[in-house]
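User: Can you walk me through the ligand site and the empty spaces in this one?

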Amino acid sequence: MATDGMGYRFSFGPWNIHEGADPFGPAVRGDTTVVDKLTQYKALGFDGVQLHDDDVVPELDSRSSSQIANTAKEMRDVLDSEGLVAEFVAPRLWEAPEGIDGAFTANDPQVRTWALSRSRQAVDIAEILGTDLIVLWFAREGTYIRESKQAIEAHHLLVQAINAILEYNPSIRVAIEPKPNEPMDHTYIPTIGHALALGSRTCDPSRVGGLIETAHAILAGLDPSDEMAFALAADRLWGVHLNDQNGLKFDQDKSFGSVNLRAAFNQVRVLEQGGYAQTDRFIGVDVKAMRTQRTDTAIQHLVNSRRIFLMLVEKVRSLDEDALKQHVAQRDYEQLEMHILDHLMGSPA
Ligand code: XUL
Ligand code: MN
């Protein structure tokens with residue numbers, strides 16, 4: 001456990017250092033390799049690496065099992081030499097041409113077979129990297145128009161896919177990262193409630209949990225801290241992607257706390273109340289640098305998100321809980337609210 005992070009350790013994915021391309025314009029910053037990115041982690045205050053399967057093994061679909069194993073071992077050596085650990089591996093099924101209309105829920109049975117086999121490869125990669133966690137973001141498991149898939153059948157297919165992963169390796173755990181839309185019009189499993197209900201239908205519900213991303217919860221019209229509380233109450237919060245989101249639009253992945261500091265405070269508070277720091281789980285961020293950012297400072301969003309998190313931990317720990325209890329007992333929620341606002345603004349109580 002890191003000692004400089006108030007009991008927390010932090011992670012991000014290499015895709016969070018990026019060239020700034022968006023749907024309306026090309027890259028504006030220079031490209032760097034995954035290994036180059038890994039050499040920056042420690043100095044930024046991060047110990048954990050979130051990885052897609054093809055961040056570890058590029059062009060995975062055209063590689064043999066032994067090539068995959070060797071490349072994954074090389075990545076493990078890099079992680080070890082940098083003093084980093086892999087937090088999870090996520091099969092990136094949505095970028096491959098096969099997965100154009102979903103992977104586990106594709107209408108084409110050959111695509112579904114490919115998706116299962118690629119997920120098993122992700123499990124093998126995870127084992128080599130020394131993590132037992134697979135993250136499933138169901139990117140294209142949904143529809144652009146409802147009539148294109150059988151939704152009831154699709155949910156059965158998702159259970160079967162998770163079972164295939166759980167049965168393939170008895171130590172592997174699966175964390176579902178719910179998101180309601182984008183790239184699809186509607187994605188199956190939009191909330192943590194859906195995720196844990198799906199998990200309860202698998203062959204081993206104790207190995208299925210969730211990873212909650214702030215922006216995804218906001219896109220679902222929900223409060224991220226309540227989504228986290230739901231998973232914490234079931235001891236199923238196995239990861240977080242802290243970031244921020246300015247209303248209902250494309251998934252922005254803004255720096256944590258940059259839009260709604262009070263909502264960020266409540267996410268940190270629920271993590272503190274749920275004893276998250278006492279687990280070995282990471283505080284993951286999933287944040288994008290603004291496209292306007294110059295190459296040499298396009299890591300600031302990571303540093304800032306971590307810094308805001310730690311400042312909010314300090315705010316949570318210094319809260320006068322007795323005063324809060326009194327306001328609650330009096331049902332004086334106006335005063336309770338002012339107490340929180342005073343505290344966040346640094347004004348005298
Ligand atoms: C997509 C998203 C992904 C996952 C990892 O919105 O958040 O980056 O976190 O595959
Ligand atoms: Mn995410």
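Analyst: This is a predicted model, and the ligand site comes before the cavities.

User: What surrounds ligand 1?

Analyst: The shell consists of W15, H52, W94, W137, E177, K179, E213, H216, H241, D251 and D286. By class, that is three nonpolar, three polar and five charged residues.

User: Which side chains have an N or O atom at 2.7 Å, 2.8 Å or 3.0 Å from an oxygen atom of the ligand?

Analyst: For H52 the distance is 2.7 Å, for E213 it is 2.8 Å, and for H216 it is 3.0 Å. The protein covers 93% of the 290 Å² of accessible area that ligand 1 has on its own.

User: And where does ligand 1 sit?

Analyst: In the largest pocket.

User: Switching to cavities. How many are there of 30 Å³ or more?

Analyst: The structure has two of them. The volume of the largest is about 60 Å³. Its lining has 13 residues, and L93, W94, W137, A139 and E141 are the closest to its centre. That lining splits into nine nonpolar, two polar and two charged residues. W94 and W137 also belong to the shell around ligand 1.

User: What lines the second largest cavity?

Analyst: P178, K179, P190, T191, I212, E213, H216, A217 and E227 do, around a volume of about 50 Å³. Four of these residues are nonpolar, two polar and three charged. K179, E213 and H216 are also among the residues around ligand 1.

User: Which elements each supply at least two residues of that lining?

Analyst: β8 (208-213) and α8 (214-219).

Terms used: Residues are numbered from 1 along each chain as its sequence is written. Chains are lettered from A and ligands numbered from 1 in the order in which they are written. This is a predicted model: local features need pLDDT of at least 70, side-chain atom pairs count only at pLDDT 80 or more; totals for chains, interfaces and linings use all residues. Side-chain values use heavy atoms; hydrogens and water are left out. A residue is near a molecule or strand if one of its heavy atoms lies within 4 Å of it. A polar contact is a pair of N or O atoms within 3.5 Å; within protein, one must be able to donate a hydrogen and the other to accept it, and residues adjacent in sequence count only if both atoms are side-chain atoms. Accessible areas come from the Shrake-Rupley method with a 1.4 Å probe; for residues, only the protein chains shown count as cover. On a 1 Å grid over the protein atoms alone, a cavity is a set of points where a 1.4 Å probe fits but cannot get out, and a pocket is an open set with protein on both sides within 12 Å along at least five of seven lines; lining residues have an atom within 4 Å of a point. A molecule sits in a cavity or pocket if more than half of its atoms lie within 2 Å of its grid points. Ala, Val, Leu, Ile, Met, Phe, Trp, Tyr, Cys and Pro count as nonpolar, Asp, Glu, Lys and Arg as charged, and the others, Gly among them, as polar. Grid points are joined across faces, edges and corners, and a volume is the space filled by probe spheres set on the points. Helices (H or I, at least four residues) and strands (E, at least two) are DSSP runs, numbered from the N terminus.
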